[in-house]
Amino acid sequence: MESLSLEELYRQLVENSNDAIIYSDRAGLIRLWNRGAEEMLGFSAQEALGQSLDIFIPENQRARHWEGYARVMQTGVTRYAKDLLAAPALKKDGNRISTEFSMTIIRDASGEITGTAAIMRDVTAKWQKEKALRQRLAELEAKP
């Protein structure tokens, strides 16, 4: 059996992941958009590459997003390397989904930050189930 090079293994892990894997540069321009991102958000890699992250960030979330993004680019620190961030995302067709993602700060050989990678999962179905359970619980608690 022929073994894979580490580079080929990494390429396949990223490309074939069902989770969205998105790398953006310091300016917030998309430089990597895997198949999982295509399927989750509806934009092809060709449509997404070179575009701002704003293509899938809902307008009412953008100011907060960019404030945090600038802070991460400046400090090199994010709590979302370990903790998941829950945030809505906008699909190409205009529908909103619920997502959870982690971030990895990417650095060049000299240690300079080149951007950030996010590994993102659609948790809309889970969120809808939890919302229905909360509503049902509230109804039951409201009964005398």
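Student: How does the lining of the largest pocket divide into nonpolar, polar and charged residues?

Tutor: In this predicted model, the lining of the largest pocket consists of 18 nonpolar, eight polar and three charged residues.

Student: And what volume does the largest pocket have, and which residues lie nearest its centre?

Tutor: Its volume comes to about 740 Å³, and of the 29 residues that line the pocket, H65, Y80, L85, F101 and M103 are the ones nearest the centre.

Student: Which elements supply at least two residues of that lining?

Tutor: There are β1, α4, β3 (85–90), β4 (96–107) and β5, each of which supplies at least two residues, and the largest share, seven residues, comes from helix α4.

Student: What about the second largest pocket, how much space lies in it?

Tutor: The second largest pocket holds about 160 Å³, and its lining is made up of A86, A87, P88, S98, T99, E100, V123, K126, W127 and E130. By class, that lining has five nonpolar, two polar and three charged residues, and the elements that each supply at least two of its residues are β3, β4 and α5 (124–142).

Student: Back to α4 for a second. Which aromatic residues pair up in that helix?

Tutor: W66 and Y69, which lie three residues apart in α4, or about one turn of the helix.

Student: Why does that pair count as edge-to-face?

Tutor: The ring centres of W66 and Y69 are 5.3 Å apart and the ring planes stand at 70°, and since an angle over 60 degrees is the criterion, the pair is classed as edge-to-face.

Student: Are those two buried or partly exposed?

Tutor: They fall into separate classes, with W66 partly exposed at 24% relative accessibility and Y69 buried with a relative accessible area of 6%.

Student: How many aromatic pairs are there by the rule?

Tutor: The count is three aromatic pairs. Another one to look at is W33 with F56, where the ring centres lie 5.9 Å apart and the planes meet at 50°, so this pair is tilted. W33 sits in strand β2 (residues 30–33) while F56 sits in the loop between α3 (45–48) and α4 (62–75), so that the pair links parts of the chain 23 residues apart.

Student: What are the relative accessibilities of W33 and F56?

Tutor: W33 has 5% relative accessibility and counts as buried, and F56, with a relative accessible area of 9%, is buried as well. Both values fall under the 20% cut-off that the class requires.

Student: Which residues form a cluster with aromatic rings?

Tutor: One aromatic cluster is formed by W33, F43 and F56.

Student: Changing topic, how many salt bridges does the count come to?

Tutor: It comes to eight salt bridges. In general, side chains of opposite charge can pair when their charged atoms come close.

Student: Which residue forms a salt bridge with D19?

Tutor: The partner of D19 is R121, and the closest N and O atoms of the two are 2.8 Å apart. The bridge links distant parts of the chain, with D19 in the loop between α1 (6–16) and β1 (20–25) and R121 in strand β5 (residues 113–122), 102 residues apart.

Student: Is D19 buried or exposed, and how does R121 count?

Tutor: D19 counts as buried at 17% relative accessibility, whereas R121 counts as partly exposed at 48%.

Student: And which residue does R31 meet?

Tutor: The side chain of R31 meets that of D25 in a salt bridge, with an N to O distance of 2.9 Å. R31 is partly exposed, its relative accessible area being 44%, while D25 is buried at 15%.

Student: How about D54, what is the N to O distance in its bridge with R62?

Tutor: That distance is 3.8 Å, which still lies within the 4 Å cut-off for a salt bridge. Of the two side chains, D54 is partly exposed with a relative accessible area of 24%, and R62 is partly exposed with 23%.

Student: Last one: which residues does the PAS annotation cover?

Tutor: According to an unreviewed UniProt entry, the annotation "domain: PAS" covers residues 6–76. In the predicted model, that span is 51% helix and 14% strand, and its end C-alpha atoms lie 26 Å apart.

Terms used:
Residues numbered from 1 in each chain as written. Predicted model: local features only at pLDDT ≥ 70, side-chain atom pairs only at ≥ 80, totals over all residues. Heavy atoms only, no water. UniProt positions renumbered as here; feature names shortened; annotations may be inferred. Helix = DSSP H or I, 4+ residues; strand = E, 2+ residues; numbered from the N terminus. Phe/Tyr/Trp six-rings, centres within 6.5 Å; stacked < 30°, edge-to-face > 60°. Buried < 20%, exposed > 50% of the residue type's maximum accessible area, 1.4 Å probe, protein only. 1 Å grid on protein atoms, 1.4 Å probe; cavity = no way out; pocket = protein on both sides within 12 Å on 5 of 7 lines; lining within 4 Å. Points joined across faces, edges and corners; volume = space filled by probe spheres on them. Nonpolar A, V, L, I, M, F, W, Y, C, P; charged D, E, K, R; others polar.
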